[in-house]
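This report is meant for a reader who is meeting the structure for the first time. It takes up a sheet, then a ligand site, and lastly two single residues.

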Amino acid sequence: MDARYKTREIERRSLDVDGLKRSFLEWLVYSVGKDARAATRRDWFHTVALSVRDRLVDRWMDTTRRYYQEDAKRVYYLSLEFLIGRLLTNSLSNLGIMEECRQALDRLGLSMDEVIDAEPDAALGNGGLGRLAACFLDSMATQALPGYGYGIRYEFGLFEQRFEHGWQVEYPEQWLQFGNPWEFPRPEVLYPVQFYGRVEEFRDSVGEKAYRWVDAERVLAMAYDTPVVGYSGETINTLRLWSARATRDFNFGHFNDGAYMKAVEQKVLSENLSRVLYPNDATETGKELRFKQEYFFTSASLQDILRRFLQHHNNFDDLPSKAAIQLNDTHPAIGIAEMMRLLVDQHAVRWDRAWDITRATFAYTNHTLLPEALEAWPVRMVERVLPRHMQIIYEINARFLNRSKARAAGDNARLARLSLIDERGDRRVRMGNLAFLGSHKVNGVSALHTDLMKQTVFADFHQEFPDRITNKTNGITPRRWLKQANPALSELITSRIGDGWIHDLGQLTSLVEKADDVVFREEFRRAKRKNKKRLAAYIARQTGVEVQVDSIFDVQVKRMHEYKRQLLNLLHAVALYNEMRDNPMVSWVPVTKIFAGKAAPSYHMAKLIIKLINDVAKVVNHDPAVHDNLKIVYLPNYNVTAAEIIMPAADLSEQISTAGLEASGTGNMKLALNGALTIGTLDGANVEIREHVGSDNIFIFGLTAEEVADLKAGGGFNPREVIASNPSLKRALDMISTGVFSPEDPNRYHPILQALTDGGDHFLVTADFADYCRAQEAAMELYRDPEEWTRKAILNTANMGWFSSDRTVNEYAQEIWEVKPVRAVDDGGEGFR
Ligand code: F58
């Protein structure tokens with residue numbers, strides 16, 4: 001081997017400061033093509049990322065080889081969204097070379113923070129569902145579980161949010177503009193995916209009826225692989241994202257007509273499939289492109305999964321013991337029909353056998369009970385886009401309903417509810433029912449949510465299949481959400497209990513006794529204050545508003561949705577504003593209300609609420625009468641990177657959804673783990689957070705899910721009466737409706753007031769207002785006593801260990817997937833760092 005090459009080989013693996021520094025200089029020159037004088041921050045980011053990537057590749061291949069050699073059972077997590085955020089700090093931290101890298105950059109006269117900041121935030125998801133997928137990837141890799149993520153390599157991630165005159169405006173998010181150093185294009189991993197065409201019936205070799213899908217249009221799915229580094233770097237898994245490529249064949253009809261350009265145009269258009277992530281909070285059931293995206297990535301993934309399986313097997317009997325496919329919501333549920341098509345049409349497996357194999361392989365996670373978010377595609381569209389799948393769905397349905405008929409004993413309404421086809425109005429395919437029927441396990445994402453699934457959307461299915469629904473309460477990765485995002489607190493924790501918590505978050509319970517240790521409390525407060533200063537600086541940069549570091553940082557960060565009730569929080573802000581102005585002599589606890597979150601571009605009410613928050617903020621923040629005791633800020637463009645700054649700095653965590661509507665929440669977990677006290681309803685995982693942190697250490701208010709259901713069943717309530725009987729609520733609403741916050745357009749907020757009054761206040765904002773204010777007062781009162789506040793904050797951190805996604809993923813592994821860790825053989829005692 002050439003000596004120079006050999007040195008490079010060694011340097012590629014070197015993890016010390018000198019080796020890193022040499023490798024940076026080499027990459028900068030030979031791959032980025034710049035010298036140190038000309039290099040921009042972005043050049044340095046690419047340089048560092050490529051050098052770090054070098055240090056992953058060997059172990060990545062080792063991992064893949066290990067799985068292959070052991071013919072291990074794999075988990076395939078199919079998700080239309082992976083909200084992974086930045087990867088540089090994550091890789092450095094999980095490899096354990098953060099400090100070495102900082103020093104190497106330091107020696108080159110560079111600031112690590114600036115290099116980190118040059119990385120775009122990979123926003124291939126909308127919110128909780130997409131971020132959960134990213135946390136699961138981290139936890140699977142950390143626990144040496146053979147897990148693959150499969151999704152779409154969107155060219156445009158979730159839109160960038162800016163405010164113009166307080167209104168949300170969307171801009172394209174071009175995260176790939178300057179290239180992506182983490183991904184490996186795999187031009188040879190290419191699968192055809194078909195659309196449209198028609199189905200032909202024929203007789204197979206033994207004279208049985210069979211079907212083929214003909215005259216279809218084809219698109220190619222090309223793989224891009226991103227390594228997923230587990231903690232310590234022992235296991236490095238793969239996230240495989242598909243990009244649409246035009247086929248090379250031409251439509252000869254067009255070509256012969258001389259319409260060459262038209263044929264090429266068609267090809268170009270087919271690549272739109274992976275162009276953009278849909279920003280909806282509720283699926284737009286009419287959008288054909290969305291449906292095509294779902295089928296595109298699902299079909300490519302299943303073809304890839306079967307190809308891998310067939311390397312070791314020559315029939316499909318063992319598929320369920322070698323592959324577990326998890327459907328992240330119904331978005332990939334068409335995979336049930338696709339698997340049947342692949343087995344029956346392409347591999348000549350008999351229907352019954354194919355169905356057993358499919359069901360034993362798939363499992364489905366439900367993330368919402370909101371009826372508008374349950375996918376139901378028009379039959380006419382499915383028929384047109386995927387004619388063979390429509391037939392298969394009918395066949396699955398017919399067999400199922402036949403079987404159920406006997407048991408339903410003439411209860412036709414029940415059969416209609418169980419059907420895969422909603423026959424009311426324009427006929428639709430119910431993807432939730434398809435996912436349920438085609439899976440051996442169906443899970444909810446918190447205890448309450450799972451119970452409600454059994455009682456509501458899947459009540460009939462639960463009766464048919466009482467063992468199928470199971471709960472898997474969500475979790476978050478402690479690596480990103482504590483170790484990396486909150487170095488101040490992480491270091492404090494490690495100084496007292498060691499660093500075992502990083503992979504075994506339950507160890508945090510050793511901190512319980514430290515809540516009574518006055519020195520520890522002081523240090524805990526210091527860490528929080530440091531994080532609050534960092535957030536205050538960020539707020540000033542982003543909004544121009546100066547906030548007091550010693551005020552309560554009262555944080556509500558999440559997608560903007562009426563059920564999440566940002567409006568309730570804002571109404572409290574207005575009420576508090578009035579009280580402060582009415583009582584200037586009182587020594588008020590200073591409060592900073594911090595909002596962040598995007599609204600779906602077509603969700604007008606959500607966008608109007610954003611504008612209202614910005615309008616109220618403008619008035620409050622400039623009113624000298626409140627003496628800076630109240631500030632309101634709305635941070636633009638909330639994303640994973642912003643969350644990493646916000647979560648560690650919060651004092652109070654707003655989790656105030658209408659009970660029964662938030663499936664779980666995961667921001668609630670990030671905030672509590674970082675020592676924020678929760679003010680919340682008994683909704684989603686808040687219920688379990690209360691059980692873990694103790695009811696003395698959380699502010700619970702409002703109607704319970706049961707009370708909400710009873711109220712609705714009893715015909716609702718009269719919001720006007722509630723408003724009339726609560727002077728501070730009435731005053732706040734009057735101010736909004738008379739244009740105090742929008743003098744230039746006094747009627748601007750009438751749609752909001754309308755929804756809260758004649759609209760029936762569907763989300764019970766007015767109904768919960770009084771109790772919410774009571775809980776807020778209790779929080780403010782407690783904040784006056786820093787020792788007591790800190791004690792409770794420590795108890796939150798100490799008791800949140802159960803909410804690690806390591807625990808969640810383990811439960812899936814044991815109870816749904818039946819997969820085991822595949823560990824690397826010991827490397828001779830050196831460890832993996
Ligand atoms: C969220 N769903 C739930 N959907 O709302 C939240 O309670 C839960 O913690 C989280 O899933 C993880 O289980 C969610 O984020 C979406 O973003 C969908 C995107 C595609 C259209 C429909 C909503």
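Two strands are said to pair if DSSP finds at least two bridges between them. In this predicted model, one such bridge position is that of I594, which stands opposite V633 in strand β19.

## The sheet

The strands discussed here belong to an open sheet of six strands, which has the order β19-β18-β17-β20-β21-β22 and parallel pairing. Its edge strands are β19 and β22, the latter covering residues 699-700, and each of these two pairs on one side only. In general, strands of a sheet pair through backbone hydrogen bonds, either parallel or antiparallel.

Strand β18 is a good place to begin reading the sheet. Six of the six residues of strand β18, which covers residues 591-596, are buried, so the strand is largely enclosed by the rest of the structure. The side chains alternate in direction: V591, K593 and F595 point one way from β18, whereas T592, I594 and A596 point the other way, and all of them are buried.

On one side, β18 pairs in the parallel sense with strand β17 (residues 552-557) over six bridges, and A596 in β18 is the bridge partner of V557. To get from β17 to β18, the chain passes through helix α23 (residues 566-582), and this β-α-β crossover is right-handed.

The pairing of β18 with strand β19 (residues 630-635) is also parallel, and six bridges join these two strands. Within this pair, Y634 in β19 is the bridge partner of F595. Here the chain crosses from β18 through helix α24 (residues 604-621) to β19, in a β-α-β crossover that is right-handed.

Farther along the order of the sheet come β20, β21 and β22. Four bridges join strand β20 (residues 652-655) to β21, and the two run parallel; in this pair, E654 stands opposite I679 in β21. The connection from β20 to β21 leads through helix α26 (residues 667-673), as a right-handed β-α-β crossover. Strand β21 itself, residues 677-680, has L677 and I679 pointing one way and T678 and G680 the other way, and all four are buried.

Between β21 and β22 there are two bridges, and these strands run parallel as well. The residue I679 appears again in this pair, since its bridge partner in β22 is F699. From β21 the chain reaches β22 through helix α27 (residues 686-693), and this β-α-β crossover is right-handed.

## The ligand site

What surrounds the ligand, and which residues come closest? The shell consists of 17 residues, of which the closest are L129, H367, N474, E662 and G665. By class, this shell has five nonpolar, eight polar and four charged residues. Helix α7 (residues 128-142) provides the largest share of the shell, with three residues.

Three of the closest residues have polar atoms for which a distance to an oxygen atom of the ligand can be given, as the table sets out.

| Residue | Part of the residue | Distance to a ligand oxygen atom |
|---|---|---|
| H367 | N or O atom in the side chain | 2.6 Å |
| E662 | polar side-chain atom | 2.6 Å |
| G665 | polar backbone atom | 2.7 Å |

Taken alone, the ligand exposes 520 Å², and the protein buries 91% of that.

## Two single residues

Is H46 buried or exposed? This histidine is found in helix α3 (residues 41-69), and because its relative accessible area is 14%, below the 20% under which a residue counts as buried, H46 is buried. The side chain of H46 also reaches the backbone oxygen of F178, at 3.4 Å.

The second residue, D582, has its place in helix α23, the helix through which the chain crosses from β17 to β18. With a relative accessible area of 44%, D582 is partly exposed. Although D582 and V626 are 44 residues apart along the chain, their C-alpha atoms are separated by 9.5 Å.

Technical notes. Residues numbered from 1 in each chain as written. Predicted model: local features only at pLDDT ≥ 70, side-chain atom pairs only at ≥ 80, totals over all residues. Heavy atoms only, no water. Buried < 20%, exposed > 50% of the residue type's maximum accessible area, 1.4 Å probe, protein only. Right-handed = clockwise from strand over helix to strand, strands pointing away. Near = heavy atom within 4 Å. Polar contact = N/O pair within 3.5 Å; in protein donor to acceptor, adjacent residues only side chain to side chain. Areas by Shrake-Rupley, 256 points an atom, 1.4 Å probe, with all protein chains shown as cover. Nonpolar A, V, L, I, M, F, W, Y, C, P; charged D, E, K, R; others polar.
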